[in-house]
Amino acid sequence: EQPKARYVAGYSNGGAWALDALILNSDKFDGAIVMSPGSWKTKDNINVRGKQVFLGAGELEPGFFKQTQVVDKLMLDLGADVKRKYSKSGHSMNTWVPIWLLALNTLNAK
């Protein structure tokens, strides 16, 4: 039986990987959970319209926080359904667990 939906997830450089996986394989994934994406570079011909993207970072992880805000704006501009969670925390599980829970609660509510 096929799953109802398929998401890719990661934090730090894994967050950048999750975003790339969604963009490069948009036919395989319904969305992504992208937490504190590391060294992500924008791509050409991004198609995320209608995809669900959960984003978040800690406000005390300056580079990652700024990068996440750039990704946030880009995903919105490209038509993704963006949900976000920013917190007063650093580059740690204290930042990522609330983002993960937001994504799981939202997806379970469907």
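This note goes through one helix, its nonpolar patch, the salt bridges and some loop and strand residues of a predicted model.

1. **Helix H3, dimensions.** H3 covers residues 93-108, which is 16 residues. From its first C-alpha to its last, the helix reaches 22 Å. That is close to the 22 Å expected at 1.5 Å a residue.

2. **Helix H3, buried side.** Five names to mark on the helix: Thr-95, Trp-96, Ile-99, Ala-103 and Thr-106 are buried in H3. Viewed down the helix axis, the buried residues fall within an arc of 95°, so they line one face of H3. The general background is simple: an α-helix has 3.6 residues a turn, so residues three or four places apart point the same way. What does this buried side pack against? The buried residues of H3 pack against four strands: S1 (7-11), S2 (31-35), S3 (52-58) and S4 (81-87).

3. **Helix H3, the other side.** Turn the helix over. The face directed away from the buried side carries Asn-94, Asn-105 and Asn-108, and these are exposed.

4. **The nonpolar patch.** Which residues make the nonpolar surface patch? Tyr-11, Met-93, Val-97, Trp-100, Leu-101 and Leu-104 do, and the patch comes to about 520 Å². H3 gives the most to this patch, with five residues. Leu-104 is a patch member that lies in H3. Its relative accessible area is 31%, and Leu-104 is therefore partly exposed. The patch rule asks for over 30%, so Leu-104 at 31% qualifies on that count.

5. **Salt bridges, count and a first pair.** The model has six salt bridges. In general terms, side chains of opposite charge can pair when their charged atoms come close. One of the bridges joins the side chains of Asp-27 and Lys-28, at 3.7 Å from N to O. Asp-27 counts as exposed, at 65% relative accessibility. Lys-28 counts as partly exposed, at 47%.

6. **Salt bridge Arg-84 to Asp-72.** Here the closest N and O atoms are 2.7 Å apart. The pair links distant parts of the chain. Arg-84 sits in strand S4, Asp-72 in helix H2 (residues 62-77), and twelve residues separate the two. Is each partner buried or exposed? Asp-72 has 7% relative accessibility and counts as buried. Arg-84 has 37% and counts as partly exposed.

7. **Salt bridge Asp-81 to Lys-83.** These two side chains meet at 3.3 Å, N to O. Asp-81 is partly exposed at 35% relative accessibility. Lys-83 is also partly exposed, with a value of 26%.

8. **Ser-12.** This residue is placed in the loop between S1 and helix H1 (13-24). Ser-12 counts as buried, at 16% relative accessibility. The cut-off for buried is under 20%, so the 16% of Ser-12 puts it in that class. Which residues does Ser-12 touch, not counting residues up to four places away in sequence? Met-35, Ser-36, Pro-37, Gly-38, Phe-64 and His-91.

9. **Two positive phi values in one loop.** Ser-36 lies in the loop between S2 and S3, and Asn-45 has its place in the loop between S2 and S3 too. Phi of Ser-36 is near 45°, which is positive in a residue other than glycine. Asn-45 is not a glycine either, yet has a positive phi of about 55°. Their surroundings are worth checking on the model. Ser-36 is buried, with a relative accessible area of 0%. Asn-45 is exposed, with a relative accessible area of 79%.

10. **Gly-58.** Strand S3 holds Gly-58. Gly-58 is buried, and its relative accessible area is 0%. Leaving aside neighbours within four places in sequence, Gly-58 is in contact with Ser-36, Phe-65, Ser-87, Ser-89, Gly-90 and Thr-95. Two of these contacts tie back to earlier points. Ser-36 is the loop residue with phi near 45°, and Thr-95 is one of the buried residues of H3. How far apart are Gly-58 and Asn-94, in sequence and in space? They are 36 residues apart in sequence and 8.6 Å apart from C-alpha to C-alpha. Asn-94 belongs to the exposed set on the face of H3 turned away from its buried side.

Terms used:
Residues are numbered from 1 along each chain as its sequence is written. This is a predicted model: local features need pLDDT of at least 70, side-chain atom pairs count only at pLDDT 80 or more; totals for chains, interfaces and linings use all residues. Side-chain values use heavy atoms; hydrogens and water are left out. The expected span of a helix is 1.5 Å times one less than its number of residues. Buried means under 20% relative accessible area, exposed over 50%, partly exposed in between (1.4 Å probe, protein chains only). The arc is that of the directions from the helix axis to the C-beta atoms. Contact means heavy atoms within 4.5 Å. Patches are made of residues with over 30% relative accessible area and no salt bridge: like charges are joined within 9 Å, nonpolar side chains (Val, Leu, Ile, Met, Phe, Trp, Tyr) within 5 Å. Accessible areas come from the Shrake-Rupley method with a 1.4 Å probe; for residues, only the protein chains shown count as cover. A salt bridge is a side-chain nitrogen of Lys or Arg within 4 Å of a carboxyl oxygen of Asp or Glu.
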